[in-house]
Amino acid sequence: MLASGLLLVALLTCLTVMALMSVWRQRKLWEKLPPGPTPLPFIGNYLQLNTQQMSDSFMKIGERYGPVFTVHLGPRRIVVLCGHEAVKEALVDQAEEFSGRGAQATFDWLFKGYGVTFSNGERAKQLRRFSIITLRDFGMGKRGIEERIQEEAGFLIEAIRGTGGAFIDPTFFLSRTVSNVISSIVFGDRFDYEDKEFLSLLSMMLGSFQFTATSMGQICEMFHSVMKHLPGPQQQAFKELQGLEDFIAKKVEQNQRTLDPNSPRDFIDSFLIRMQEENNPNTEFCLKNLVLTTLNLFFAGTETVSTTLRYGFLLLMKHPDVEAKVHEEIDRVIGKNRQPKFEDRAKMPYTEAVIHEIQRFGDIIPMGLARRVTKDTRFREFLLPKRDTNPMSLKLPVSGNMNPHALSTSRLGRHELHMPHTFCPKTHRTCVLQTVLFRRHKPHVCIASYLRDMNFLSPKAPP
Ligand code: HEM
């Protein structure tokens, strides 16, 4: 009796000591997190954040707490890295530690950690390696990427000519063109511009992409455990993402039925062949990763570049003097009788500087895609715990004017100027397209093809 009483007391003492130690460890960790505004229970720092302009809110907090700070998006704790120095130190100098992918509530609703973009660990490594090699193979095969881009640029010009000079919303003109380049690699073929299913896919991509930048998208990001059950525009975004997944799943089934293992036609075939070759029951080369990686590539390959082009054309309309200089360079280097080529870029420093400026000033993903630390990580004088901290990166605020004149004469490394990490090969989760080389080529050929034959006019002054 006495013995069991003593045992109980010892057990309770042990448990109490363990609980106290855990609280103490938590407190120590907490003390080492970067500073930031005090959060309220559940809503976190919601009251300090303007959900319509999140990156501006972060910049303001950064002015007070420094370039590395902690913020609570609702109940979720994140660390924000603000400005080139901090972003470079983390994602380039400590590339391994910062190579995890962080949460993004709207997309996570569908991806749940599968597919190349939103996965982590071994899965991300394997899918990334496979995607890069396969995209390269198809991009450099018989019909290289240059030819595919030239062909699509030709279709774009034809479609615009077909409007007879009417005022048009260029959104889907541009996204059809851009999307067909990646489609021809992942699905083995381009879509006809009038294909209703294609137009609906483009609209689903645009809708869900734009939703993430809205105020509601940010609220969903903060309170996703509640928001995903409530009615509202987030349900439309989920429906659109689901529609995209269903489409890819259908394409995969079609490929499975007609697969010739000796002659892969596209990215999907190559993945299916790899699935057949795997003997490992825990392989990452499974149907779910196939469908969601294909969707990652299709989505990223469409929305990013077409938004860049749309924004670029708007900027050129706003700056007719810049447009005139680009025209002059195109006339001089390419002329009217041939298609633009990748190699022209070297002889067109002004157009290159303009494209760079469009990417810098357009700043289409201002906060980047969230990262996650892969282990408890010492960063500057702080300690970022692996368990629940999502570092989110942010660049400098974009300055007020587009200024290609300064850049065209500059010898600065251009990547360093606007996206120090996204396209830097030293970080472990760079944009896949940097490695297959058509991030800058594609805007170059599209813009050069377009301006070779056309001018822009707007019915009212561009905003
Ligand atoms: C101007 C065009 C583009 C911009 C601004 C852009 C931007 C980005 C950014 C900010 C990231 C996150 C990188 C990081 O975590 O550090 C990313 C990743 C990625 N991008 Fe792009 N991107 C562009 C074009 C493309 C294209 C055309 C594709 C199509 C194949 C693509 C595929 C991807 C993929 C698959 C990832 C995820 C990589 C990973 O998590 O390992 N991107 N991109």
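## A walk through the salt bridges, the sheet and the surface

The structure holds 14 salt bridges, a salt bridge being a side-chain nitrogen of Lys or Arg within 4 Å of a carboxyl oxygen of Asp or Glu. Before we look at some of them, a word on the source: this is a predicted model, in which local features need pLDDT of at least 70 and side-chain atom pairs count only at pLDDT 80 or more, while totals for chains, interfaces and linings use all residues. Residues are numbered from 1 along each chain as its sequence is written, and side-chain values use heavy atoms, with hydrogens and water left out.

Let's get the overall picture first. The protein chain has 19 helices and seven strands; these are DSSP runs numbered from the N terminus, with H or I and at least four residues for a helix, and E and at least two for a strand. Of its 463 residues, 51% are buried. Here buried means under 20% relative accessible area, exposed means over 50%, and partly exposed is in between, using a 1.4 Å probe and protein chains only. The accessible surface comes to about 22400 Å², and carbon and sulfur atoms account for 58% of that; the areas come from the Shrake-Rupley method with a 1.4 Å probe, and for residues only the protein chains shown count as cover. Among contacts in the chain with a separation of 6 or more, 73% are between residues 24 or more positions apart, where contact means heavy atoms within 4.5 Å.

Now for the sheet. Three strands make up an open sheet in the order β1-β2-β7, with mixed pairing; two strands pair if DSSP finds at least two bridges between them. The edges belong to β1 (68-73) and β7 (390-394), and each has a single partner strand, so one side of each has no neighbour in the sheet. From one strand to the next, the twist averages 30°. Strand β2 (residues 76-82) pairs with β7 in the parallel sense, over five bridges. To find the register, look for V80, which stands opposite M392 in β7, and for L81, whose bridge partner in β7 is S393.

How many residues of β7 are buried? Five of the five are, so β7 is largely enclosed by the rest of the structure. Both of its faces are covered, with N390, M392 and L394 buried on one side and P391 and S393 buried on the other.

Lying across β1, β2 and β7 is helix α3 (residues 84-93), which runs at about 110° to β2. That angle is taken between N-to-C directions on a scale from 0 to 180 degrees, with axes as lines fitted to C-alpha atoms, for helices over the stretch in contact. Helix α3 also brings us back to the salt bridges: E89 forms one with R380, the closest N and O atoms being 2.9 Å apart. Since E89 sits in helix α3 and R380 in the loop between β5 (377-379) and β6 (382-384), the pair ties together parts that are 291 residues apart in sequence. E89 is partly exposed at 23% relative accessible area, and R380 is partly exposed too, at 35%.

Another salt bridge links R265 and D269, with the closest N and O atoms 2.6 Å apart. R265 is partly exposed at 37% relative accessibility, whereas D269, at 0%, is buried. D269 belongs to helix α12 (residues 267-277). Leaving out residues up to four places away in sequence, D269 touches N255, L259, S263 and P264. The side chains of R345 and E352 also meet in a salt bridge (2.9 Å, N to O). In that pair, R345 is buried at 18% relative accessible area and E352 is buried at 6%.

Next, go to the loop between α8 (196-212) and α9 (215-222), where A213 lies. A213 is exposed, with a relative accessible area of 57%. The C-alpha atoms of A213 and Q52 are separated by 7.8 Å, though the two residues are 161 apart along the chain. Helix α9 itself is largely enclosed by the rest of the structure, because six of its eight residues are buried: G217, Q218, I219, C220, E221 and M222.

Finally, what do L8, L11, L12, L15 and M18 form on the surface? They form a nonpolar patch, with about 530 Å² of accessible area together. Patches are made of residues with over 30% relative accessible area and no salt bridge, with nonpolar side chains (Val, Leu, Ile, Met, Phe, Trp, Tyr) joined within 5 Å and like charges within 9 Å. L8 is found in helix α1 (residues 2-32) and, at 51% relative accessibility, counts as exposed. An α-helix has 3.6 residues a turn, so residues three or four places apart point the same way.
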